[in-house]
Amino acid sequence: MAAHSACDFGGGKAEKLALAKYRQTIWQGRVLNSQFTDKELRSQGRCPLTPEEVGLLLAALGFDNNTRLYLASHKVYGGEARISTLRKLFPLMEDKKSLASSAERVHIKGKASLLAAVDYHVGMHSDIFVSASPGNMHNALVGHRTFENMKTIRPNMVLLGQLFLNKNISWSQFRQEVVEGHQNRQGQLRLRKPKQSIYTYPAPDCMCHA
């Protein structure tokens, strides 16, 4: 997804070469070079949140270091170097490796659909769910959790992109902007508009009519 976004994640020439390879092997050339600069992409909310940015989002929303996180991801771009900052903010962070025994992991190792199913199951049974970027898993979980009336934070990607571009913003101002910008993005019911997915927006089609 990092490659698909065409965004720059600060890794220099090595990153550009790696993402170009991903675009060719995974997306088979379907992702073209963006006509927008990285700054424009971020200000439009078109870049996935990095683990560091997710940590700052959660901290701004009031989650502290006693919060237990589950990292629902097959592979995080940048590996442990990217995750380490998030882990410092939230040391009680789990993933499939820490939750499942080695005997259990044998049955799902290398099986993408089963690995995704575990993430989906944990995501559906968590108190709160938040996604780093829109995608099929995000859309399905948002819709399912909305249908079940469960708290689901939908990051305001445009707002966050603009806030993270502002290198002079104070923590108090950042926190205030984040809180205000997510008041109506925590699982409130939204009616589906024409051409929107019924899986992401189950209402009103999947609701009973009295």
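**Helix packing and domain contact**

Helices H4 and H11 pack at an angle of about 80°, and their axes lie 9 Å apart. Because angles of 65 to 115 degrees count as roughly perpendicular, H4 is described as roughly perpendicular to H11. From H4, the contact draws on Leu56, Leu57, Ala59 and Ala60, and from H11 on Trp171, Phe174, Arg175, Val178 and Val179. By class, 8 of these residues are nonpolar, none is polar and 1 is charged. The model analysed here, and in the paragraphs that follow, is a predicted one.

Helix H4, which spans residues 51-60, also packs against helix H5, residues 80-89. The angle in this pair is about 20°, with the axes 7 Å apart. H4 and H5 are therefore roughly parallel to each other, and their crossing is left-handed. On the H4 side, the residues involved are Pro51, Glu52, Gly55 and Leu56; these meet Arg82, Ile83, Thr85, Leu86 and Leu89 of H5. The contact of H4 with H5 comprises 5 nonpolar, 2 polar and 2 charged residues. Leu56 of H4 thus has a place in the contact with H5 and in the contact with H11.

A further pairing involves H11, residues 171-181, and helix H10, residues 157-165. The angle between H10 and H11 is about 175°, and 10 Å separate their axes. Since angles over 145 degrees count as roughly antiparallel, H10 is assigned as roughly antiparallel to H11. Leu159, Leu160, Leu163 and Phe164 represent H10 in this contact, while H11 contributes Phe174, Glu177, Val178 and Gly181. In terms of residue class, the contact of H10 with H11 contains 6 nonpolar, 1 polar and 1 charged residues. Phe174 and Val178 of H11 take part in the contact with H10 and likewise in that with H4.

At the level of domains, the protein is divided into domain 1, residues 1-47, and domain 2, residues 49-209. The centres of the two domains, taken over C-alpha atoms, are separated by 21 Å. Domain 1 and domain 2 each supply 12 residues to the contact between them. Together the domains bury about 960 Å² between them, with 59% of this area on carbon and sulfur atoms. Within domain 1, Phe9, Arg42 and Ser43 account for 41% of the area buried against domain 2, more than any other three residues.

Conventions: Residues are numbered from 1 along each chain as its sequence is written. This is a predicted model: local features need pLDDT of at least 70, side-chain atom pairs count only at pLDDT 80 or more; totals for chains, interfaces and linings use all residues. Side-chain values use heavy atoms; hydrogens and water are left out. Axes are lines fitted to C-alpha atoms, for helices over the stretch in contact, and angles run from 0 to 180 degrees between N-to-C directions. Helices (H or I, at least four residues) and strands (E, at least two) are DSSP runs, numbered from the N terminus. Angles under 35 degrees count as roughly parallel, over 145 as roughly antiparallel, 65 to 115 as roughly perpendicular and the rest as oblique. A crossing is left-handed if the near helix is turned anticlockwise from the far one by less than a right angle, and right-handed if clockwise. Contact means heavy atoms within 4.5 Å. Ala, Val, Leu, Ile, Met, Phe, Trp, Tyr, Cys and Pro count as nonpolar, Asp, Glu, Lys and Arg as charged, and the others, Gly among them, as polar. Domain bounds come from an automatic or database domain assignment. Buried area is the accessible area (1.4 Å probe) that two parts lose on being put together, summed over both.
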